[in-house]
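The following note sets out several points on the structure for a colleague's consideration. Each point takes up one topic in turn.

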Amino acid sequence: MIRGIYSAASALIAGLFRQELISHNLANLQTAGFKELTTGLDEFGRLPLARLPEGAIAGESGTTVGAVSLGVLTQGAVTNFAAGALRETKQPFDLALSGDGFFRIQTPDGERYTRDGRFTRDENGHLVTVDRNLLLDTDGQPLVVPPGEAAIASKGQITVDGQAVGQIGLADFVQPDTELKRDGQNLFAAADGAPSTASTASVHQGFIETSNVDVTRAMASMMSVARAYEAAQRAIQLQDEMTGKAVNEIGRV
C-alpha cells in the first residue's frame, strides 16, 4: 500500500512540473521568437516480482512472474526549436529568420543567441534588443547603423541610403537541443563551449517571428494534465483509506 502512495505521489510531482511548463508557454504566447518548453515522462523504476516455492527459506530465489512500476518521473525541460510564424510589422529594424539559426547578441555575460528580432537603433547607432543588448556583425562586433534609410537583404547585408555599412551576424548549431541552454527569458547560451557555425537562414526585414506555442494543443495538454493530477490525488486518498482499514483490523486482532 505504501508503494502505491509513493507511485501516486510521483505522478503528482510530474503533473505539477508539466503544468508549470504549460503555464510558462502560455504566458509567452505573445513573446517574439519564444521557443516552447516541453517534457516527457519516464518510469522511475521497476521492481521485479517473484513467486517463492512453498517452504522457501531466506535468500532462496523464486520464479519471476513480472514487475511492478515504482512511479513516473519527468525527463526535464526540453526546448522545442521549431520555427514560429512570421508576422509583418513594417518596422525597418524588426527582423525575422526563416531557416535554422540565431541572431548573435552581446550581453554583459558574453555572447548569446536569440530568435527575437525586435531591434531598435540607439543613440549611438547600435542595433539593440528590447533588453538593450547589442546585435553583433559577422566578426562579433556591435553593428553600427548611421542615420538614413536602412535596407537589410536576405543574407543580412545592411545598406543605408545605398551604402553598405555591415552584415548581421548569424550563428547556428548542429544539435541545438544539446548544444544550447536557456539563459533568461528569450536568450540561449552555448553549453559547455559548444562551437557555433555560420547560419544560412534568410533575414526578413519588417517581420518578427512569433512564438511557436500552439495554444490549442497547450490548452488540451493543460486539461489532460489536470485530469491526471486529480486521478493521482484520488489514488492517494484510496490508498490512505485502505491503509487505515488495515491498521484498524490489525488493532482488533
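1. Lining of the largest pocket. In this predicted model, the largest pocket is lined by Arg18, Leu21, Ile22, Asn25, Glu36, Leu37, Thr38, Thr39, Arg217, Ala218 and Ser221. Its volume is about 220 Å³. Helix H1 (2–27), strand E1 (37–38) and helix H3 (215–252) are the elements that each contribute two or more residues to this lining. The greatest contribution comes from H1, which supplies four residues. By class, the lining comprises four nonpolar, four polar and three charged residues.

2. A distance from the pocket lining. Ala218, one of the lining residues, may be set against arginine 121, which belongs to strand E11 (residues 120–121). These two residues are 97 apart along the chain, and a distance of 35 Å separates their C-alpha atoms. Arginine 121 is partly exposed, its relative accessible area being 30%.

3. The three-stranded sheet. Strands E14, E15 and E16 form an open sheet in the order E14-E15-E16, with antiparallel pairing. Strand E14 (150–152) and strand E16 (163–167) each have a single partner strand and stand at the edges, so one side of each has no neighbour in the sheet. On average, and with direction ignored, neighbouring strands of this sheet are turned by 25° against each other.

4. Pairing of E14 with E15. Three bridges join E14 to strand E15 (residues 157–160) in the antiparallel sense. Across this pairing, alanine 150 is opposite valine 160, and alanine 151 is opposite threonine 159. The two strands form a hairpin with four residues between them. Glycine 156, in the turn, has a positive phi of about 95°.

5. Pairing of E15 with E16. The antiparallel pairing of E15 and E16 runs over four bridges. Isoleucine 158 has glycine 166 in E16 as its bridge partner. These strands also form a hairpin, here with two residues between them. Aspartate 161 in the turn has a positive phi of about 55°.

6. The two faces of E15. Side chains in a regular strand alternate between the two faces of the sheet. Which residues of E15 point to the buried side? Ile158 and Val160 point to one face and are buried, whereas Gln157 and Thr159 point to the other and are not buried. Two of these residues have partners in E14: valine 160 stands opposite alanine 150, and threonine 159 stands opposite alanine 151.

7. Aromatic pairs. Six aromatic pairs are found in a search of the whole structure. Phenylalanine 102 and phenylalanine 173 make an edge-to-face pair, at 6.5 Å centre to centre and with 65° between the planes. This pair links distant parts of the chain, 71 residues apart: phenylalanine 102 lies in strand E9 (residues 102–107), and phenylalanine 173 lies in the loop between strand E17 (170–172) and helix H2 (176–179). Both phenylalanine 102 and phenylalanine 173 are buried. One aromatic cluster is formed by Phe81, Phe102, Tyr113, Phe173 and Phe188.

8. Positive phi at residues other than glycine. Where does lysine 90 lie? Lysine 90 is in the loop between strand E7 (86–88) and strand E8 (95–98). Its phi is positive, at about 65°, although the residue is not a glycine. Lysine 90 is exposed, with a relative accessible area of 64%. Arginine 132, in the loop between strand E12 (127–128) and strand E13 (134–135), likewise has a positive phi, of about 70°, although it is not a glycine. Arginine 132 is partly exposed, with a relative accessible area of 48%; the cut-off for exposed is over 50%.

9. A contact between separated positions. Threonine 197 lies in strand E20 (residues 197–198). Its C-alpha is 5.1 Å from that of aspartate 172, while the two residues are 25 apart in sequence. Threonine 197 is partly exposed, with a relative accessible area of 39%.

Technical notes:
Residues are numbered from 1 along each chain as its sequence is written. This is a predicted model: local features need pLDDT of at least 70, side-chain atom pairs count only at pLDDT 80 or more; totals for chains, interfaces and linings use all residues. Side-chain values use heavy atoms; hydrogens and water are left out. Two strands pair if DSSP finds at least two bridges between them. Axes are lines fitted to C-alpha atoms, for helices over the stretch in contact, and angles run from 0 to 180 degrees between N-to-C directions. Rings of Phe, Tyr and Trp (its six-membered ring) pair if their centres lie within 6.5 Å; planes under 30 degrees apart count as stacked, over 60 as edge-to-face and the rest as tilted. Buried means under 20% relative accessible area, exposed over 50%, partly exposed in between (1.4 Å probe, protein chains only). On a 1 Å grid over the protein atoms alone, a cavity is a set of points where a 1.4 Å probe fits but cannot get out, and a pocket is an open set with protein on both sides within 12 Å along at least five of seven lines; lining residues have an atom within 4 Å of a point. Grid points are joined across faces, edges and corners, and a volume is the space filled by probe spheres set on the points. Ala, Val, Leu, Ile, Met, Phe, Trp, Tyr, Cys and Pro count as nonpolar, Asp, Glu, Lys and Arg as charged, and the others, Gly among them, as polar.
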